[in-house]
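Work through the exercises below with the model open, and try each task before reading its solution.

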Amino acid sequence: MHFKREFDFVHLSKYFYIFSIALTVAGLIFLATFGLNYSVDFKAGSNVDISLSKNLTQEQVETAIKDLGVTHEPSISLGQERVNIRYDKELTEDQSEALKAGITKLDDKASFEINTVDTEMAKELARNAIYAVLISCLGIIIYVSIRFEWRFALAAIVSLLHDAFMVVAVFSIFRLEVDLTFIVAVLTIIGYSINDTIVIFDRIRENLRFGKQKTYEDMKALVNKSVTQTLMRSLYTAFTVFVAAFFLLIMGGESIKMFSLAMVVGLLFGAYSSIFIASPLWLLLKKRQKPKVTNKTA
């Protein structure tokens, strides 16, 4: 389905560039100053999952575990007949037994799963997450370069990195917790973003093949036309996934809350990056292309 009214997307893109650059600078400042709010998945600590036969209140759980000798306050998440307690430091064996005893007094049928992440394992998880993003970006560069050309590949990667970093920036600025599901969300966002970008690039390439573009204005009109032809398809795709992620955020469990939030934020940024970041950037790179010199024979 084509969007009937044609907008000057290339002209509008400068406002989105300004917004993205401003948020990028703010994100870099917060990352350099405060870093990310890592969960126990990425730092040493203990994660306690408790299955219950009845629901407990926040006050009951806090009272039951207050005398463990832990100097810092844990993060407590309550669910339906379930409690998750996270400590930023590893619990000793005596503290673990004291925690079990305290909860068992409230529910003698409670079952416990205590997982400990040491510092070296946390660092390895963080490194593997970064490698996963970099390797996926490298694969995309190779694929797009083979299927299209290097200008398309460069524009696509800038758009993907933009989407991923925008999510990281928002989580850093608002001090939202970053766990392993956050990394899954970032990789998922990259997949959706490259899908929309490739659809637009494919239409640009198709229009290039059948058009006669001699000036920059011709190329600009071609990009606007290509985006217009694929706009509704991109919006429908983004909106469908956004609705699913949004209701997961509202109605889903605590364990997938950060995943759902990262997906919602990433989809919002990804919805405009393919249109207002990737395509205008390709046009800018194409504008700088040197014209081919043809040899005239006498």
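The exercises that follow concern the enclosed cavities of this predicted model.

**Exercise 1.** Determine how many cavities of 30 Å³ or more the model holds, and state the volume of the largest cavity and of the second largest cavity.

*Solution.* Begin with the count, which comes to two cavities of 30 Å³ or more. Next take the volumes: about 80 Å³ of space lies in the largest cavity, while the second largest cavity has a volume of about 60 Å³.

**Exercise 2.** Identify the residues that line the largest cavity, assign the lining to helices, and describe its chemical character.

*Solution.* First list the lining, which is made up of Ile189, Tyr192, Ser193, Asp196, Thr237, Ala238, Val241, Gly266, Leu267, Gly270 and Ala271. Then turn to the elements that contribute two or more residues to this lining, namely helix H6 (180–210), helix H7 (216–251) and helix H8 (257–287). Finally sort the lining residues by class, with Gly counted as polar: six are nonpolar, four are polar and one is charged.

**Exercise 3.** Which helix gives the most to the lining of the second largest cavity, and how does that lining divide by residue class?

*Solution.* Start again from the residues, here Asp196, Ile200, Ser234, Leu235, Ala238, Gly270, Ala271, Ser274 and Ile275. H6, H7 and H8 each supply at least two residues of this lining, and H8 gives the most, with four residues. By class, the lining of the second largest cavity holds five nonpolar residues, three polar residues and one charged residue.

Note on methods. Residues are numbered from 1 along each chain as its sequence is written. This is a predicted model: local features need pLDDT of at least 70, side-chain atom pairs count only at pLDDT 80 or more; totals for chains, interfaces and linings use all residues. Side-chain values use heavy atoms; hydrogens and water are left out. On a 1 Å grid over the protein atoms alone, a cavity is a set of points where a 1.4 Å probe fits but cannot get out, and a pocket is an open set with protein on both sides within 12 Å along at least five of seven lines; lining residues have an atom within 4 Å of a point. Grid points are joined across faces, edges and corners, and a volume is the space filled by probe spheres set on the points.
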